[in-house]
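User: I am new to this structure and would like to learn how to read it step by step. Could we begin with confidence and then turn to the ligand?

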Amino acid sequence: GSDVLSSLLRVSVTDSSMPEPGAAPRRSPQGVPYSDLPHIVNADGLHLFCRYWEPAGQPRALVFIAHGAGEHCGPYDEMAQKLKEFSLLVFAHDHVGHGQSEGDRMNIKDFQIYIRDSLQHIDLMKSRHPDLPVFIVGHSMGGAISILTACERPGDFAGVVLIAPLVQMNPESATPFKVFMAKLLNHMVPSLTMGSIESKWLSRDKRQVEAYDADELNYHGGMRVSFGMQLMAAVERMEREIPSISWPFLLLHGDADKLCDIRGSRMMHDNSPSTDKKIKIYEGGYHALHHDLPEVAESVLKELTTWITEHIPATTSQEAQ
Ligand SMILES: O=C1N[C@]2(CO1)C[C@H](C(=O)N1CCC(COc3ccc(F)cc3Cl)CC1)C2
């Protein structure tokens with residue numbers, strides 16, 4: 001009847017890209033309007049907080065930094081500042097559910113979302129600097145994101161630097177019984193949380209461990225079973241991809257790492273067909289090498305800046321000179 005017609009007429013076609021007039025601005029988990037923060041909006045409409053470190057002169061290359069589980073891209077400021085000194089344009093974002101980005105804290109429906117969002121940000125920066133080579137630097141879970149991102153675009157990256165990447169499960173934490181129980185629990189209570197990341201294993205430098213524990217942008221809660229399953233799925237995906245990895249990479253791993261087993265890095269280095277690959281083992285090094293004892297952190301910065309700058313292709317104009 002006419003009331004149905006009139007109610008239909010009242011339906012306003014809302015254009016999702018334009019906020020409703022008078023709609024409250026989208027705010028970060030810390031309450032800051034995204035209109036005041038550098039950000040991108042991912043394919044699910046979630047706002048991701050971004051950071052950019054732009055060199056003064058012409059940049060020589062783009063470097064995307066992928067942070068790990070439960071942390072955010074802020075702690076990479078020192079590394080990014082160093083890369084900026086070499087005229088590299090560094091950019092990063094807080095992955096969904098991390099730091100100042102939207103999304104359920106340290107949880108993800110599908111690990112592929114991290115890779116899709118990274119490619120969106122990389123493609124955005126490539127569109128702004130079409131002639132620059134692109135590198136990725138990834139730590140821990142961010143290393144897994146970096147590996148799977150480079151595998152999706154095998155010819156697109158001049159190089160990938162992996163700092164203690166998550167490649168294989170820690171055998172102690174992934175005994176067949178524990179994996180079986182995790183899968184069983186995932187069906188029954190996926191939101192059940194397991195233990196949280198033990199910060200004492202992050203670094204031998206207790207000031208770094210204290211900074212991590214005090215950083216409110218880090219997630220200090222327990223790890224959901226469902227999140228652990230996504231990490232396991234990513235590990236299985238990498239196992240399948242490694243035999244076809246042919247892009248250049250640098251692996252840095254501590255042999256006292258208790259969070260991401262060094263065997264994963266050794267396996268990747270030994271089994272990938274890439275002809276341009278390097279692994280550097282830090283004796284006694286803990287997980288977050290870039291935040292380990294000062295001499296280790298310094299060596300990591302030197303290794304990665306040297307490796308990246310040596311992997312910047314000479315531009316045709318230079319060759320012509
Ligand atoms: O400086 C830094 N580094 C950080 C924090 O701050 C460490 C953290 C990070 O990414 N990981 C450390 C923990 C690890 C747990 O792994 C699992 C747990 C349950 C499971 F079922 C399957 C897996 Cl694979 C994943 C990788 C980033």
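**Confidence and the ligand site**

Analyst: This is a predicted model, and the mean pLDDT of the protein is 93, with 92% of its residues reaching 70 or more. For the model as a whole, the scores are ipTM 0.98 and pTM 0.92.

User: Where in the protein is confidence lowest, and where is it highest?

Analyst: pLDDT is the predictor's confidence in each residue, and here the lowest value belongs to helix α10 (residues 316-320), with a mean of 56, whereas strand β3 (residues 61-66) has the highest, at 99.

User: Which residues come nearest to the ligand?

Analyst: A residue is counted as near when one of its heavy atoms lies within 4 Å. In this model 19 residues surround the ligand, and those that come nearest are A69, H139, S140, M141 and M169. Helix α7 (residues 225-241) supplies the largest share of this shell, three residues, and by character the shell divides into 13 nonpolar residues, five polar and one charged.

User: How do I read the polar contacts, and which atoms lie at what distance from an oxygen atom of the ligand?

Analyst: A polar contact is a pair of N or O atoms within 3.5 Å. A backbone N or O atom of A69 is 2.8 Å from a ligand oxygen atom, a polar side-chain atom of S140 is also placed 2.8 Å from an oxygen atom of the ligand, and for M141 a polar backbone atom lies 3.0 Å from a ligand oxygen. Taken alone, the ligand exposes 590 Å², of which the protein buries 91%.

User: What kind of space does the ligand take?

Analyst: The ligand occupies the largest pocket.

Note on methods: Residues are numbered from 1 along each chain as its sequence is written. This is a predicted model: local features need pLDDT of at least 70, side-chain atom pairs count only at pLDDT 80 or more; totals for chains, interfaces and linings use all residues. Side-chain values use heavy atoms; hydrogens and water are left out. A polar contact is a pair of N or O atoms within 3.5 Å; within protein, one must be able to donate a hydrogen and the other to accept it, and residues adjacent in sequence count only if both atoms are side-chain atoms. Accessible areas come from the Shrake-Rupley method with a 1.4 Å probe; for residues, only the protein chains shown count as cover. On a 1 Å grid over the protein atoms alone, a cavity is a set of points where a 1.4 Å probe fits but cannot get out, and a pocket is an open set with protein on both sides within 12 Å along at least five of seven lines; lining residues have an atom within 4 Å of a point. A molecule sits in a cavity or pocket if more than half of its atoms lie within 2 Å of its grid points. Helices (H or I, at least four residues) and strands (E, at least two) are DSSP runs, numbered from the N terminus. Ala, Val, Leu, Ile, Met, Phe, Trp, Tyr, Cys and Pro count as nonpolar, Asp, Glu, Lys and Arg as charged, and the others, Gly among them, as polar. pLDDT is the predictor's confidence in each residue, from 0 to 100.
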